[in-house]
Amino acid sequence: MLPLALGMRARGHEVRWVTAEDGCHWVRGSGIDAAAAGPTTRERMAEYERRWPAYAALRGEARAEMMFPRLFGDVAAHAMFRPLLDIARRWQPELIVSEAADFASPVVAAAMGVPQVTHGFGLVVPRHRVELAGEMAGPLWREVGLEPRPFGGVYDHLYVDIYPPSMQPDDLSYIDHVTRRRPGSLTDGHLPIDAAVCDLIASDQRLVYVTFGTVFNRTPTFAAAVDALRSFEDIGAIVTVGPDGDVDAFGAMPDHVVVARYVSQDDVFPHASAVVSHAGSGTLLGALGHGVPQLCLPQAADQFRNADACAMAGAGIVLKDEGVGAEAVALALLQVLRDVKYRDAAVRVSEEIASMPAVDDVVTELEGSIEKTG
């Protein structure tokens with residue numbers, strides 16, 4: 001969502017981002033004013049797991065099925081609502097833009113009498129999950145004297161869909177107002193790159209990028225993916241473990257593998273022959289935007305649906321079984337690297353992504369929303 005916030009600011013709009021304290025530094029680092037509110041990611045998850053301990057025994061897509069409505073419609077929405085309403089009443093925004101798992105913002109926007117835009121973070125969340133989450137957030141609407149809205153109000157005004165249309169498996173006819181936006185990462189510069197990473201990028205070797213994001217970067221599957229890289233002596237590999245990750249967690253690595261905490265993916269994707277990841281939306285769509293085929297090892301949340309969409313598009317391979325080992329990862333990665341059909345499919349998706357509306361087009365549409373209610 002940062003590119004959209006930066007686009008609004010570039011047009012002269014005042015932008016304020018409200019998020020938990022553990023997310024504020026990312027926003028402020030891009031020059032956007034951020035206000036801290038609500039529990040951190042770890043606090044939310046701890047409360048969710050305390051209230052629904054059965055979650056721990058679930059695996060695969062069943063985890064997302066249980067988690068989404070309860071974590072976001074109940075735990076997160078109820079904890080964020082009052083702090084967000086207080087900030088909004090003091091700041092008086094003319095438009096509220098929130099992500100697709102935020103069920104507090106639609107209530108705050110309705111209470112303030114301003115439009116609210118829901119910004120997708122990947123595939124549209126399955127309809128029944130959003131419906132249940134909206135029901136769980138229902139008491140918040142009554143708290144401000146309003147009747148709960150269908151889908152928790154997240155589709156009342158405008159939904160910004162960042163997914164390539166050909167990869168969107170669901171019928172979106174129940175969402176009245178949909179606009180598309182080309183997925184993309186930050187547009188205002190790149191992070192400094194470690195010298196060893198620079199050397200790999202500049203070398204003549206083919207390059208594989210491996211990341212499990214910032215949440216699922218301590219799983220056995222991630223360790224297996226990294227271990228698989230040892231056998232690819234003629235291919236350079238960049239592994240990122242997250243800002244708070246341990247670069248020495250995998251022991252001594254061969255010279256062709258560099259482990260770093262964080263890199264700007266836009267600096268790596270143009271040089272990558274393949275990406276191995278958990279199929280988080282940012283990594284998956286970012287790689288596809290550069291026409292890079294993928295090996296998807298989904299762990300939770302929306303990752304299983306992302307991985308399936310990538311495989312259906314022909315742009316990658318999915319390994320879902322728990323306990324996937326280094327040998328299975330190595331064989332699948334070799335297939336992605338050798339068979340040109342995966343790169344050809346990824347390039348087709350990249351062309352589709354390039355044809356989607358740019359951030360500036362969406363900013364213009366949002367400005368229209370403000371004018372209609374101004």
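Here are four short exercises, with worked solutions, on helix packing and aromatic pairing in a predicted model.

**Exercise 1. Confidence**

Task: Find where in the chain confidence is lowest and where it is highest.

Solution: Start with the whole chain, which averages a pLDDT of 90. Of the residues, 96% score at least 70. Now go element by element: helix H8 (residues 195-202) sits at the bottom with a mean of 77, while helix H7 (residues 138-143) tops the list at 98.

**Exercise 2. H4 and its two partners**

Task: Work out how helix H4 (residues 61-91) packs with helix H6 (residues 127-136), then look at H4 with helix H5 (residues 105-112).

Solution: Take H6 to begin with. Its axis and that of H4 are 8 Å apart, at an angle of about 30 degrees. Angles under 35 degrees count as roughly parallel, so that is the label for H4 and H6. Their crossing is right-handed. Next, who touches whom? On the H4 side the contact includes Glu-61, Phe-68, Arg-70 and His-78, and on the H6 side His-128, Arg-129, Leu-132 and Met-136 are among the residues. Sorting the residues of this contact gives 7 nonpolar, 3 polar and 5 charged.

Now move on to H5. The axes of H4 and H5 come within 10 Å and cross at roughly 35 degrees, and this crossing is right-handed. H4 supplies Phe-81, Leu-84, Leu-85, Ala-88 and Arg-89, and H5 answers with Ser-105, Val-107, Val-108, Ala-111 and Met-112. The split here is 8 nonpolar, 1 polar and 1 charged.

**Exercise 3. H9 against H13**

Task: Classify the packing of helix H9 (residues 220-228) and helix H13 (residues 326-338) by its angle.

Solution: The axes lie 8 Å apart and the angle is about 60 degrees. Roughly perpendicular would need 65 to 115 degrees, and roughly parallel an angle under 35; H9 and H13 are therefore oblique to each other. The handedness of the crossing is right-handed. For the contact, H9 brings Ala-224, Ala-225, Asp-227 and Ala-228, which meet Ala-326, Val-329 and Ala-330 of H13. That makes 6 nonpolar residues, no polar ones and 1 charged.

**Exercise 4. An aromatic pair**

Task: Decide what kind of aromatic pair Trp-26 and Tyr-262 form, and which parts of the chain the pair ties together.

Solution: Ring centres within 6.5 Å make a pair, and the count comes to 12 aromatic pairs. Trp-26 and Tyr-262 are 5.4 Å centre to centre, with 45 degrees between the planes, and the pair is tilted. Trp-26 belongs to helix H2 (residues 21-28) and Tyr-262 to the loop between strand E9 (257-260) and helix H10 (265-268), so the pair links parts 236 residues apart in sequence.

How values were computed: Residues numbered from 1 in each chain as written. Predicted model: local features only at pLDDT ≥ 70, side-chain atom pairs only at ≥ 80, totals over all residues. Heavy atoms only, no water. pLDDT = per-residue confidence, 0-100. Helix = DSSP H or I, 4+ residues; strand = E, 2+ residues; numbered from the N terminus. Axes fitted to C-alpha atoms, helices over the stretch in contact; angles between N-to-C directions. Parallel < 35°, antiparallel > 145°, perpendicular 65-115°, else oblique. Left-handed = near helix turned anticlockwise from the far one by under 90°. Contact = heavy atoms within 4.5 Å. Nonpolar A, V, L, I, M, F, W, Y, C, P; charged D, E, K, R; others polar. Phe/Tyr/Trp six-rings, centres within 6.5 Å; stacked < 30°, edge-to-face > 60°.
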